[in-house]
Amino acid sequence: MSVCGAALAAVCVTHTATTASPTAQAPRAVNVAYSDLSLITEPGPGDRPFLQAVQSARSSADLVMYELSDPTFERALVSTEERGVQVRVLLNGGYYGGGSSANQAAYSYLKGNGVPVRWSPSRFALTHQKTLVADDKTAYIMTLNLVDEDYSTSRDFAVADTNRQEVSAIEATFTADWNNQSIRPPDGVDLVWSPGALDSELSLINSVRRALDIYNEEMDDSAITSALEAAARRGVDVKVVMTASSDWDSAFKRLTGAGVHVRTYKPDASLYIHAKMILVDGRRAFLGSQNFSAGSLDDNRELGIILSTGAIIRSLEGTFAGDYAHATPFRTSRHTTTSTPKPKPSPPAPQQTCSVSASWDGSYHDWNVYVQGPADVDATATADGHSYSYHTNSSGSADIYLYAPESAAGDTVTVTAGSATCAGTL
């Protein structure tokens, strides 16, 4: 399936749908473009999309970055300034302006080579925003920092946005921050700014009806944790994938106690979860710089975006499903006792059967394939040469969005769910 839309300054490749899940050791990088949005998935292209944007800029390039440590990209900024393009770089200046050793080398290099560079306003706890705007036409909203040694191991995303209203909002906010002027950032169409992002993220989480997929680097905001717990308790299939840290164990215990499926990667694993994503019902997603912490949501300068582009949502679903499948379920430690527990009878083996029905969704131009089968297994629907997978919830249900044409009506759809196989009709 080729999903390349308008010509955007982003890497765009052909994405072939497959039933195979990506592994943590060799994560699949998928870059899809559709309409005025384009998704970049890391690990994958590294800094290439952003290098291309800077190197092809004709009039301006404005960068906001929490951490910049990429000599190739820094040299590109210098070269772009030297050929007459207006370059401005705003770097995080540390906690309330207290200084940033992480950015000092980049700051000194850029300033010493004639690139206008400034420290971020000290009225923010941190400037954790990660954006690049080229020629006032394309804005890259990133979850990643531009740190070259992270590109090969960090799960991250970026969205290239050519919507004029949103690009204008990002540029207006950049200029105000550049001049250390107060501004209420414009929301564009679906931008989410910090300070003040908590309500937007809670509203998104609270809107979920059946499935919620979460990436984050931190789990340290009690309101977010409570919202995830509440979603699980009302029957939503909530999945969380993060890199393990004892800092989040308390929150993880609360979440798993409420029925949230928390899975983690070891800190030294080949894949580090740095992305910040909220994926709701396979329909809407938040991507941005905001971590689940009070500082990130309420005190920092941050930026994210809420989107509903079908091709991008499906790519996010596939990436998340692969990462979830290869992560380790979080387990709370159990205290040993001196008494010998009474053996529990073995539960009966689950019946590996399934059933399937399907309906055409004219709003999203895909098929909703409803599966009822074994609980907590990968389910894959195949019809008309197309395949797509989703994970069944604790009740054995899954709603698979199958990207097959409406003309496939009447064709057989085959579903494998764990070891069960069933068939129905589109």
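## Exercises: a cavity and a strand

In this predicted model, α9 gives the largest share of the lining of the second largest cavity, with 4 residues. Let's work outward from there.

**Exercise 1.** Find out which residues line the second largest cavity, and how they divide into nonpolar, polar and charged.

*Solution.*
- Step 1: Start with the search of the whole structure, which turns up 3 cavities of 30 Å³ or more.
- Step 2: Pick the second largest cavity, which holds about 80 Å³ of space.
- Step 3: List its lining: D213, K239, E317, F320, A321, Y324, D378, Y390 and H391.
- Step 4: Look for elements that give two or more residues to this lining; they are α9 (310–326) and β25 (386–391).
- Step 5: Sort the lining residues, and you get 4 nonpolar, 1 polar and 4 charged.

**Exercise 2.** Work out which side chains of strand β27 (residues 412–417) are buried and which are not.

*Solution.*
- Step 1: Recall that side chains in a regular strand alternate between the two faces of the sheet.
- Step 2: Check one face of β27: V413, V415 and A417 point that way and are buried, meaning under 20% relative accessible area.
- Step 3: Now the other face, where T412, T414 and T416 point; these are not buried.

**Exercise 3.** Find the strands that pair with β27, and say how they run.

*Solution.*
- Step 1: Strand β24 (residues 378–383) runs antiparallel to β27, joined by 4 bridges. Here A379 has A417 as its bridge partner.
- Step 2: Strand β28 (residues 420–425) is also antiparallel to β27, with 6 bridges. There, T414 sits opposite A423.
- Step 3: Follow the chain through the hairpin of β27 and β28: 2 residues lie between the strands, and G418 takes a positive phi near 65°.

Notes. Residues are numbered from 1 along each chain as its sequence is written. This is a predicted model: local features need pLDDT of at least 70, side-chain atom pairs count only at pLDDT 80 or more; totals for chains, interfaces and linings use all residues. Side-chain values use heavy atoms; hydrogens and water are left out. Buried means under 20% relative accessible area, exposed over 50%, partly exposed in between (1.4 Å probe, protein chains only). Two strands pair if DSSP finds at least two bridges between them. On a 1 Å grid over the protein atoms alone, a cavity is a set of points where a 1.4 Å probe fits but cannot get out, and a pocket is an open set with protein on both sides within 12 Å along at least five of seven lines; lining residues have an atom within 4 Å of a point. Grid points are joined across faces, edges and corners, and a volume is the space filled by probe spheres set on the points. Ala, Val, Leu, Ile, Met, Phe, Trp, Tyr, Cys and Pro count as nonpolar, Asp, Glu, Lys and Arg as charged, and the others, Gly among them, as polar.
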